[in-house]
Amino acid sequence: MFKIFDYRFVYIFRDSNGVEKIGISKDSRKRLKQVDRSMKNLSVKMLFEMKLFFAEKHEKKLHHQYEKKWKPKRVGSGRLEFFDLSFFDVVAVKFYLIRVYLFQRLFIILMFSILLFFLKP
């Protein structure tokens with residue numbers, strides 16, 4: 001069911017050089033370990049994650065928005081999804097993800113409310 005709606009985590013990781021990775025995963029903690037193990041001489045930590053419907057759409061939107069700050073790595077898992085973001089860029093990504101999350105939850109509540117309204121005897 002959730003596969004239809006692409007319900008996954010959209011996350012931001014940061015490596016020890018201060019470069020961020022924007023990606024999607026069903027299990028962001030497991031993905032963090034994969035990326036961390038694949039990066040030579042760099043550690044990676046999670047900055048933020050949010051589980052969203054249509055995750056790939058939102059990931060692509062963020063990649064497109066920050067394409068001028070794209071900074072691919074030579075090695076590592078997901079090496080093409082790294083960006084040199086400023087503090088304000090990271091805050092903007094977090095706010096975007098939070099806003100989408102809240103909108104999606106509000107939409108679900110609204111749809112259930114409408115459904116319950118019409119199912120009342």
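Student: Which element gives the largest share of the lining of the largest pocket?

Tutor: In this predicted model, helix 3 supplies that largest share, with seven residues of the lining.

Student: Which elements give two or more residues to that lining?

Tutor: Helix 2 and helix 3 are the elements that do so, and the lining consists of 13 residues, of which Phe5, Phe53, Gln104, Phe107 and Ile108 lie nearest the centre of the pocket.

Student: And how many of the lining residues are nonpolar, polar or charged?

Tutor: By class, the lining of the largest pocket has ten nonpolar residues, two polar ones and one charged, and the volume of this pocket is about 310 Å³.

Student: Switching to the sheet, what is the strand order?

Tutor: The sheet is open and has four strands in the order 3-1-2-4, paired in the antiparallel sense. Strand 3 (44–52) and strand 4 (82–83) stand at its edges, and because each has a single partner strand, one side of each is left without a neighbour in the sheet.

Student: How many bridges pair strand 2 with strand 4?

Tutor: Strand 2 (residues 20–25) pairs with strand 4 over two bridges, in the antiparallel sense, and Phe82 in strand 4 is the bridge partner of Lys21.

Student: Where do helix 2 and helix 3 sit, then?

Tutor: Helix 2 (residues 55–65) lies across strand 1 (8–15), strand 2, strand 3 and strand 4, running at about 165° to strand 2. Helix 3 (residues 87–119) also packs on the sheet, where it touches strand 1, strand 2 and strand 3, and its direction makes about 25° with that of strand 3.

Key. Residues are numbered from 1 along each chain as its sequence is written. This is a predicted model: local features need pLDDT of at least 70, side-chain atom pairs count only at pLDDT 80 or more; totals for chains, interfaces and linings use all residues. Side-chain values use heavy atoms; hydrogens and water are left out. Two strands pair if DSSP finds at least two bridges between them. Contact means heavy atoms within 4.5 Å. Axes are lines fitted to C-alpha atoms, for helices over the stretch in contact, and angles run from 0 to 180 degrees between N-to-C directions. On a 1 Å grid over the protein atoms alone, a cavity is a set of points where a 1.4 Å probe fits but cannot get out, and a pocket is an open set with protein on both sides within 12 Å along at least five of seven lines; lining residues have an atom within 4 Å of a point. Grid points are joined across faces, edges and corners, and a volume is the space filled by probe spheres set on the points. Ala, Val, Leu, Ile, Met, Phe, Trp, Tyr, Cys and Pro count as nonpolar, Asp, Glu, Lys and Arg as charged, and the others, Gly among them, as polar.
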